[in-house]
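Got the model open in your viewer? Keep the selection box handy, and we'll go stop by stop.

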Amino acid sequence: MKRRSIVRLPKAHLHLHLEGSARPSTIKELAELEGMPDVEQTFSNLPEFVQVYAKAAAVIKRPESLKRICRELVEDEAAQGVWYTEPMGVPQYLGNQHPFRGAQIRLKEFDTDGAWAIMQEGFAEGTRATGTEVGLMMGINRGFGVDGTVEAARFAARNKDNGIVAFGIAGDERIPPEPFAPACHIAREAGLLVVPHAGEAMGPESVWAAIKSTFPHRIAHGVRAVEDPFLLSYLSDHQITCDVAPTSNLLLGVAQDIELHQLPKLMDAGVPITLNTDDQLFFGALICDEYRLVRDTFNLTDGQLADFARVSARASGAPEHVKQRILKGIDAWLESEPDE
Ligand code: ADE
Ligand code: ZN
């Protein structure tokens, strides 16, 4: 049976980490430039992965390296039919004067303000070349502690109409979300979307904790919510979107097998779902691969794929006109002839 091309399906991509979305060839080149070892690929769970991630992020030291990563990210998203992308950038990885302690990363040439200006240039170059729009999710990493997270939220709030659309929490999920609630509160009050990681390495209790302390608009992952039927109903009733990343889940041991992935249970419960790559640098799958994987595993129709794409537009921090453009594009895709 012929299907519609997934590359042609207009999509928003909402759960991807800036450094973790870099091209492997670029990270290799930057590591050589800085005299650092190439990125490791040895991890089998989230705590191990977070360590590997920090080392890869450390090769982006110079303004031109950061700008390049940002420009290439937009180019790569555009090539996958992503019309709007919402990468997470964590100031602890980006600046040299951030107030965070414990960052085991050598100093870089820029502070957080400087980093954001450079990133905006890189994103703008990518957008000019491709038409794909960007909204930044400013992130904090649980492993770096609470100090400075309120400042990060204030930074995001100040830049709400200057390219930052969301505030996220990533890192080792064994560290609970409650201490980060004040930062999330500032972000929410400023009109930013609040998007904690939860229900990935840890079970439903981590999703409840994120809900009760941060009042999220979306949850990054959330897949382990399927272990608690009441939580599933809650997510469905409140239409809290889960930004699911299937290949990441497989490689970090969150799902044992793709056939056993939590996606169908989330779908059956009526939870709004988006599909995402999380960290394609490490996990290898691009966004169209993720759509293809779930389509082929669970025998999904093009209508169901279009629903994921619609949720990705609606739940995003994109301006309304961008959302409408994507939604129209999705309708046109469904009306088009199957071609693949
Ligand atoms: N940082 C980068 N990728 C992450 C993930 N999947 N979970 C938590 N923190 C992350
Ligand atoms: Zn993530």
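Which strands does helix α3 lie across, and at about what angle does it run to β2? Keep in mind that this is a predicted model, then select residues 63–79, which make up α3. The helix lies across β1, β2 and β4, and its angle to β2 is about 140 degrees.

**Stop 1: the sheet under α3**

Show those three strands together. They form an open sheet in the order β1-β2-β4, with parallel pairing. β1 and β4 (133–134) are the edges: each has a single partner strand, so one side of each is left without a neighbour in the sheet. Now zoom in on β2, residues 82–85, which pairs with β4 in the parallel sense over two bridges. Put Thr85 on screen and look opposite for Val134 in β4.

**Stop 2: a glutamate in α3**

Go back to helix α3 and pick Glu72, which sits in it. Is Glu72 buried or exposed? Its relative accessible area is 6%, so Glu72 counts as buried. Setting aside neighbours within four places in sequence, the residues in contact with Glu72 are Arg23 and Thr26.

**Stop 3: the zinc ion**

Select ligand 2, the zinc ion, and show the side chains of His15, His17, His197 and Asp278. These are its protein donors, through NE2 of each histidine and OD of the aspartate, at 2.1 to 2.2 Å from the ion. Why is the arrangement irregular? The angles between the four donor atoms run from 82 to 175 degrees, and that spread makes it so. To be called tetrahedral, all angles would have to lie between 85 and 135 degrees.

Along the chain, the donors follow the spacing H-x1-H-x179-H-x80-D. The site links distant parts of the chain: His15 is in the loop between β1 (11–13) and α1 (24–33), while Asp278 is in the loop between β10 (273–275) and α12 (280–283), 263 residues apart. Both His15 and Asp278 are buried.

**Stop 4: the seven-stranded sheet**

Next, colour the other open sheet, whose seven strands run in the order β3-β5-β6-β7-β8-β9-β10 with parallel pairing. Its edge strands are β3 (88–89) and β10, each pairing on one side only. Inside the sheet, select β6 (residues 164–170) and β7 (residues 193–198): four bridges join these parallel strands. For a landmark, find Gly168, with Val195 of β7 opposite.

Now add helix α14, residues 302–314. The helix lies across β9 (241–244) and β10, running at about 100 degrees to β10.

**Stop 5: the nonpolar core**

Click on Phe308 and list what is in contact with it. Beyond neighbours within four places in sequence, you'll find Leu263, Met267, Ile273, Thr274, Leu275, Tyr291, Val294 and Leu300. Phe308 also belongs to the largest nonpolar core, which has 108 residues. Phe308 is one of the members touching the most others, along with Leu18, Leu66, Met119, Phe167, Phe282 and Tyr291. Which helix gives the most to this core? Select residues 46–57: that is α2, which contributes eight residues.

**Last stop: out to the surface**

Finish at Lys328 in helix α15, residues 320–335. With a relative accessible area of 63%, Lys328 is exposed. Draw a distance from its C-alpha atom to that of Pro246: the two are 26 Å apart, with their positions 82 residues apart along the chain.

Definitions and conventions. Residues are numbered from 1 along each chain as its sequence is written. Chains are lettered from A and ligands numbered from 1 in the order in which they are written. This is a predicted model: local features need pLDDT of at least 70, side-chain atom pairs count only at pLDDT 80 or more; totals for chains, interfaces and linings use all residues. Side-chain values use heavy atoms; hydrogens and water are left out. Donors are N, O and S atoms within 2.8 Å of the metal (3.2 Å for Na, K and Ca); water is not among the atoms, so sites may look incomplete. Four donors count as tetrahedral if all angles lie between 85 and 135 degrees; four count as square planar and six as octahedral if opposite donors are over 155 degrees apart and all others between 65 and 115; anything else is irregular. Buried means under 20% relative accessible area, exposed over 50%, partly exposed in between (1.4 Å probe, protein chains only). A nonpolar core is a set of buried Ala, Val, Leu, Ile, Met, Phe, Trp, Tyr and Cys residues joined through side-chain atoms within 4.5 Å. Contact means heavy atoms within 4.5 Å. Two strands pair if DSSP finds at least two bridges between them. Axes are lines fitted to C-alpha atoms, for helices over the stretch in contact, and angles run from 0 to 180 degrees between N-to-C directions.
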